[in-house]
Amino acid sequence: MQTEENRNRMWTFILLYILGQNICQATEEYSTQMYYVKLTIDENAIDNITQLIEKPFVYDTNLQVNNLTITTTCQNVSNSTECTCKPGYRWSDSVCKSYQTCCRETCTFPQNLSHMCILNTSVAVNGSLILKGNTYANCLTDKSTIEFQTCNDNLTTQLKSVYSTLTGFDTLTILQYSVGSVIATFQMIIAYGVNPNDLIIKSSTLLNSSLSASLDLVTTGVVTLSMPNNPVYYDSNHSLTCTLQKDLDIIPTWQLNTTNNTFQITNGTGAVVTWTTRSTNIELKRITELWAGMYTCDYLQQLNSTSIRHQASALMDVCLLPKINIFLDPQFPRCKSDSDILTVTTTCQIESSTENYNVTWNTEEILSQLLPKNGSSGVYTVQTYVKCGDRNAMPKVRCNFVNRCNQQRTASININIIQENDPFCKAELDWQDTKAGFSAVLQCKGSAGLRTRNCTTESKWEKEVSACVNQILNNVLQSSIIVDIGLGTKDDNAANVLALFSNVTNNTQSINTFSNMNASVHVLLTLSQKQLNPNESAFKDFLVSSSNLLEKSLGNSWTGDNNENVSLAEKYLKSVEELINVSNITSAPKQTNIQVAVPNCSLPTNCISTVFNISVALNSQDRGNVKMSAFKELEQYFPTNSYFGETPNSHVVSATTERSLGPARVEITFPLLQPRPRNVIMTCVYWNFNTSTWSSDGCDWTGATNEGQCVCRHLSSFAILMSKKPLEITALTEITYAGLSVSVLSLTITLVIELIVWSHVVKTNTLYLRHTAHVNISLCLLVADCCFLASSNPREITAIWCVTFVVVKHFCYLSMFFWMLCLSCTLLHQAVYLFHNVSKKNYLRFSLVVGYVCPLLIVVITFLTNNGDEGKYYTSETCWLVYSGLLKGSIYTFVIPVGIIVFVNVFSMLVVIMKLLDHPKNTEKSHEKEKKAALTVMRSVILLTPIFGVTWIFGFAVMLLDLTSGPVAYAANYAFTLLNAFQGLFILLTTCLGDKLTREALLKRLKCKDPISTTDTSTKFESSVSK
């Protein structure tokens, strides 16, 4: 009987809504007060209790009892109390947070403890009142003092006088006071739904009429939040909806509070936020652990100094699924005989998780049952045995992770056994025995990623490929991927990512591998694809980190085993260009390896800026917002096959604009990284992202006169390339070899002829000097030509031989011209002092000094002044003197003396010609021979001066004209080569065979058969000379 009574006896909470004018009355409006009754009655009496309970409370005719309502019914069940909300009522948020199972209709509490349900429309208001002045300063005193009680009562009365007039007002309690002026924190309960506009108007009235303060309120119950049932499936899609009781014409916000962070939910790849007049909705896509937490939707009302946040919150619990890494130990079990049985341990590793997974194992072709072993958090292992000998078997182990929602994720691995006599790579350092044709895999220690090493079919280890990434950098990369998922604004998320990225790249030693550089570039690439608008601070972090990646110490980290078609340098350039282009900046701080300039292009004149001393001028009618940027070291990291045999000789400079341009002219003046050698062509290029190569389309090099300048007809990323080899002139080498060979032979013949006819042609002192000069000129030219031939391929001779040939050629070519000077001086002396004879001995002394001593002094002084150094005295590329520019270089120690001698020769010829034309007719016949000899010498000078002088005039032109100048330079080179190569032949034909006296003497010597006759003739010539 007692049991039946307990079963039918229930606790019943009854809500009485009493309306009267004597409670905290401050206005003409009615104030309200709520009463709560807890009854323990029989279940059968519940229907009649409402009529009996009204009378005890109504003693004052000014009071009226309205809406007497039962809210909650409870009953004892075993050792607990089970309570149920009546229709239209719910458990409060505080009860839901304390007892998560109470978020449904029925809730179970410890015995003799229960809570009352509240109306679905009931509203809880938490407020913070910031009081100005010292009126309520006593509220900060000790709670036991009279001053505090008086101050607290006064402030409570002030608040209730306004808020008690709200329909459904229940309670208002001041919870605490704090300093900051005087800050009162209070809580108010309104049993029935409140009109948000009434609440903000009354709050504003309170501040305007009674209190000098500002007020912040947060309501719960004005907004209702509809959530999916917990827990939700991993990778599922769900909708969350917040509904307002009344349209407030306010755009709501959503927040997610997780264990570590609070996020504002925005439109992104994982969430779509929409709103209407009285509701807001979130569509969550492919829910993961990132979306687990407490959701809050928020409507903010503001009026004067009052702000009210209408909020609703609910928890989402997500069933998780892990990322599984599965390993074997040993990776490749090795059988020493077919009868062996091997022990193999399989490990499935996941990240630490709050999900309590049910882990099961499956096998295929395994000899025995699995023996699970206890491991550390997130590590699951089993031990099994495999049998050797069966080469067709493929044992497999599989681990299965099942979550609370009965979702499953699986990882499996094959056990590749090294059977007896199978080829394999022997264990080496960290690497265990590995079957031939397979790759061994190891986890990175202290970093993210894996290390792999392939064992070839020939049982040889290949080079290790490491994908180990700094753990902090890997976290940054993962964060960059989800900046636009919808958890927070993508610009704020990107700013946080860039701040972390800047810090991790500051320590270049921690990222000095290809895998780290690859991850770093992918951070920038990922961010560049998110359509960001970074603020000034984020842009600075972006520049710092981008500059850090270009440090010289990281040079070797840009190249690795990258099988992708796009290089890291291209990805870097594309992403940095995009991030610079979308940044709303007017200036940028200079970094070590990156400079960005934002020129003022509003004026119609050229848009000019300078970055790293690279001048960029843009001329276009429709420029928009132009940004110029330059990158140090980047030019070295593009693939070598993209240069087409050329080398980069400038930094990379980029010019971008916010919109596409029409016709444009971009002039870029690069400071060259290396001096351009002569005759080496430069190519102005831009990076073509379509072909992943440098392209010269639309870009022109202005030429050798301004060798660092490019003109392009579009915007892009530009650089200047330099050819590895100078331009080659067709057939010039063949002409040189042929000509010099002919010259060497001709000069040899000339010297032999001079030796044969010497006694026959040397009849006067003048002729003696002439033929002496001819012999020495021929000899010097012969030696010089032989040295020229010997050094024609400088790359195949040593530096000592090269400098030796340069010295000899320098001396011989100068001597050749100085011997011509001797001829000119003799000729000039003979013409001016017609009757003054100079002895052979004096002629010879003078000629030897001028012809050999003077050139020797010039060569020695030049050599010693330049220390005989390569690049100063000579160049190893040509084994000849150095030309460094106008009046610069050792070449001028040859050019200037030659120029002077040619001038003297021309002057001498003019003087002699005038003297001969003005010669007295009654000149003695005795001087007739000297006159003829002088004419012969003059004829030699006239012939040799063009041969040598004009040749070296073209040689000087070759020095001044770069082959990149065009046809004129080619013509000068051909002319110089032809004249210089065949000088020996010209000497043979003009001064030797072309001389009548020499020719006659040679013919006589060749026709003469009688030795006595020859002697007699020689005697006559000798006597003639001695006279």
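Which residue forms a salt bridge with Arg713, and how far apart are the closest N and O atoms? Keep that in mind for the first close-up; note that everything shown here comes from a predicted model.

**View 1. Arg713 pairs up with Asp700.** The partner is Asp700, and the closest N and O atoms of this salt bridge sit 2.9 Å apart. Arg713 belongs to the loop between strand S44 (709–712) and strand S45 (717–723), while Asp700 is part of strand S43 (residues 699–701), so the contact links distant parts of the chain, 13 residues apart. Both ends get some solvent: Arg713 is partly exposed at 49% relative accessible area, and Asp700 is partly exposed too, at 40%. This is one of the 15 salt bridges that the structure holds.

**View 2. Arg286 reaches Asp235 from one loop to another.** Here the closest N and O atoms of the salt bridge are 2.9 Å apart. Arg286 comes from the loop between strand S17 (279–284) and strand S18 (293–303), and Asp235 from the loop between strand S12 (223–226) and strand S13 (238–244), so the pair ties together parts that lie 51 residues apart in sequence. Arg286 counts as exposed, with 55% relative accessibility. Asp235 is partly exposed, at 34% relative accessible area.

**View 3. Arg404 and Glu355 form a salt bridge.** Zoom in and you'll find the closest N and O atoms 3.0 Å apart. Again the pair links distant parts of the chain, 49 residues apart: Arg404 is in the loop between strand S25 (396–402) and strand S26 (408–414), and Glu355 is in the loop between strand S21 (341–349) and strand S22 (358–364). Is each end buried or partly exposed? Arg404 is partly exposed, with a relative accessible area of 44%, whereas Glu355 counts as buried because its relative accessibility is just 7%, under the 20% cut-off. Asp317 joins in as well: salt bridges with shared partners put Asp317, Glu355 and Arg404 into one network.

**View 4. A cavity with a mostly nonpolar lining.** The structure holds one cavity of 30 Å³ or more, and the largest cavity has a volume of about 40 Å³. Its lining is made up of Ala494, Leu498, Leu527, Leu532, Pro534, Phe539, Phe542, Leu579 and Ser583. Helix H7 (490–506) and helix H9 (536–548) are the elements that each give two or more residues to that lining. By type, the lining residues split into eight nonpolar, one polar and no charged.

Terms used. Residues numbered from 1 in each chain as written. Predicted model: local features only at pLDDT ≥ 70, side-chain atom pairs only at ≥ 80, totals over all residues. Heavy atoms only, no water. Salt bridge = Lys/Arg side-chain N within 4 Å of Asp/Glu carboxyl O. Helix = DSSP H or I, 4+ residues; strand = E, 2+ residues; numbered from the N terminus. Buried < 20%, exposed > 50% of the residue type's maximum accessible area, 1.4 Å probe, protein only. 1 Å grid on protein atoms, 1.4 Å probe; cavity = no way out; pocket = protein on both sides within 12 Å on 5 of 7 lines; lining within 4 Å. Points joined across faces, edges and corners; volume = space filled by probe spheres on them. Nonpolar A, V, L, I, M, F, W, Y, C, P; charged D, E, K, R; others polar.
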